[in-house]
Amino acid sequence: MRRAATKKAEGTSEWSRRRLLGILAAAVAVAALLLGGLVYAVYLAVSGIGGEASANTGVATGETERSAVARGAAHRDEIAAEPMLTVPESAAFPAETTSVQAPEIKIPTGTGVNGPAFVMTGFPQTPEGAIGQLAQIDLAVLQSMSLSTAEEVYNAWALPGGVRAEDWWITASVRAFLSSTGMGEVKDPSASVSLEPAAALVKGTDGPDWATVCVLMKVSATYKSEGQIAFAHCERMQWVGGRWMVAPGAPPAPAPATWPGTQLAHEAGWRTWSTDHTTEPTNPGDHGDHEGEH
């Protein structure tokens, strides 16, 4: 009897872990599907301007040159909409890493001071600064797993002319996670979600005030069991009023969610996240909570 009960308990635990992994995957996939149709339509429109559209011979794996002079809306739409490497959902789960080291990308630390909606701010006016700010926006929303927090953060950090807060794909990820677990609009107190920035890339720039950047994070979730998954997010970012904000326009093409350090992650163009410690505040009193930055 005891042996049978033990087997049943082990089976329940394994089923719970698989369910949690499925929920994490669904949170990523649902948002990507909601976004995919719109992005593809925009890309077709942009690539077809001025006559016959040429077939896409490759995918975006990072910027080829840094634009010092802004070229305008059409160029920005083209950068944002350019497709990235298509990967299977299974690519997001923990996998064997390759011995080949990917190039590093140095991300500034910010000032450690909370900005609007309690999101850490103080990142410089560089594409790498935009990456650091986007990571903090994602951390604030996904670690709370709250629909009201997602709306508050988006409204505080997004410029007019983009999607609505409820249609933002990070909001869609939160909604998918909460609905799949039956938690309502707020994460259950017994659940925890933590994120670690692992890789990033600059997809493209248009002058010093605009960039499309992408972050890749390791997400660890605990709810009756434990699971990990890679979470990838690209966003248009614009420098306004001394900070990077989510820029107007259609959301960028979905980023490839690959487990960091794998061969597929290298092929997607992900560069290993490295914190630029030279940007840390010099005043000890200015240091804030840098959780999630490595």
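1. A nonpolar core is a set of buried Ala, Val, Leu, Ile, Met, Phe, Trp, Tyr and Cys residues joined through side-chain atoms within 4.5 Å. In this predicted model, the largest such core comprises 62 residues. Ile131, Ile137, Val213, Met237 and Trp270 have the most contacts inside this core. Two or more residues each come from the helices α3 (127-144), α4 (147-157) and α5 (169-181), and from the strands β1 (104-108), β4 (192-205), β5 (210-222), β6 (226-240) and β7 (243-246). As general background, nonpolar side chains tend to be buried together in soluble globular proteins.

2. The sheet should be described next. Six strands make up an open sheet with mixed pairing, in the order β1-β8-β4-β5-β6-β7. β1 and β7 are the edge strands, each pairing on one side only. From one strand to the next, the twist averages 45°.

3. Within that sheet, β4 and β5 are antiparallel and share 12 bridges; Ala200 has Val215 of β5 as its bridge partner. β5 is in turn joined to β6 by 13 bridges, again in the antiparallel sense. The hairpin of β5 and β6 has three residues between the strands, and Lys224 in this hairpin adopts a positive phi near 70°.

4. β6 also pairs with β7, antiparallel and over four bridges. Two residues separate β6 from β7 in their hairpin, where the turn residue Gly241 has a positive phi of about 60°. Why is β6 largely enclosed by the rest of the structure? The reason is that 11 of its 15 residues are buried, and a residue is counted as buried when its relative accessible area is under 20%.

5. Met237 deserves a separate comment. This residue of β6 stands opposite Ala211, and its bridge partner in β7 is Val246. With neighbours within four places in sequence left aside, the contacts of Met237 include Ala130, Gln133, Leu134 and Ile137. Also among its contacts are Asp209, Trp210, Ala211 and Val213, together with Trp244, Met245, Val246 and Ala247. Met237 is also one of the residues with the most contacts inside the largest nonpolar core.

6. Two helices should be noted for how they lie on the strands. α3 lies across β1, β4, β5, β6, β7 and β8 (271-276), and runs at about 35° to β5. Helix α2 (residues 73-81) lies across β4, β5 and β6, at about 130° to β4.

7. The packing of α3 with α4 is as follows. Their axes come within 8 Å and cross at roughly 160°. Because angles over 145 degrees count as roughly antiparallel, α3 is roughly antiparallel to α4. On the α3 side, the contact is made by Gln133, Ile137, Ala140, Val141 and Ser144; α4 contributes Thr149, Ala150, Val153 and Trp157. These residues comprise six nonpolar, three polar and no charged.

8. A final point concerns Gly122, which is located in the loop between β3 (120-121) and α3. Is Gly122 buried, exposed or partly exposed? Its relative accessible area is 33%, so Gly122 is partly exposed; the partly exposed class lies between the 20% and 50% limits. Outside its neighbours within four places in sequence, Gly122 is in contact with Gly110, Thr111 and Gln133. Gly122 and Thr111 are 11 residues apart in sequence, with their C-alpha atoms 4.8 Å apart in space.

Methods
Residues numbered from 1 in each chain as written. Predicted model: local features only at pLDDT ≥ 70, side-chain atom pairs only at ≥ 80, totals over all residues. Heavy atoms only, no water. Buried < 20%, exposed > 50% of the residue type's maximum accessible area, 1.4 Å probe, protein only. Contact = heavy atoms within 4.5 Å. Pairing = 2+ DSSP bridges. Axes fitted to C-alpha atoms, helices over the stretch in contact; angles between N-to-C directions. Parallel < 35°, antiparallel > 145°, perpendicular 65-115°, else oblique. Nonpolar A, V, L, I, M, F, W, Y, C, P; charged D, E, K, R; others polar.
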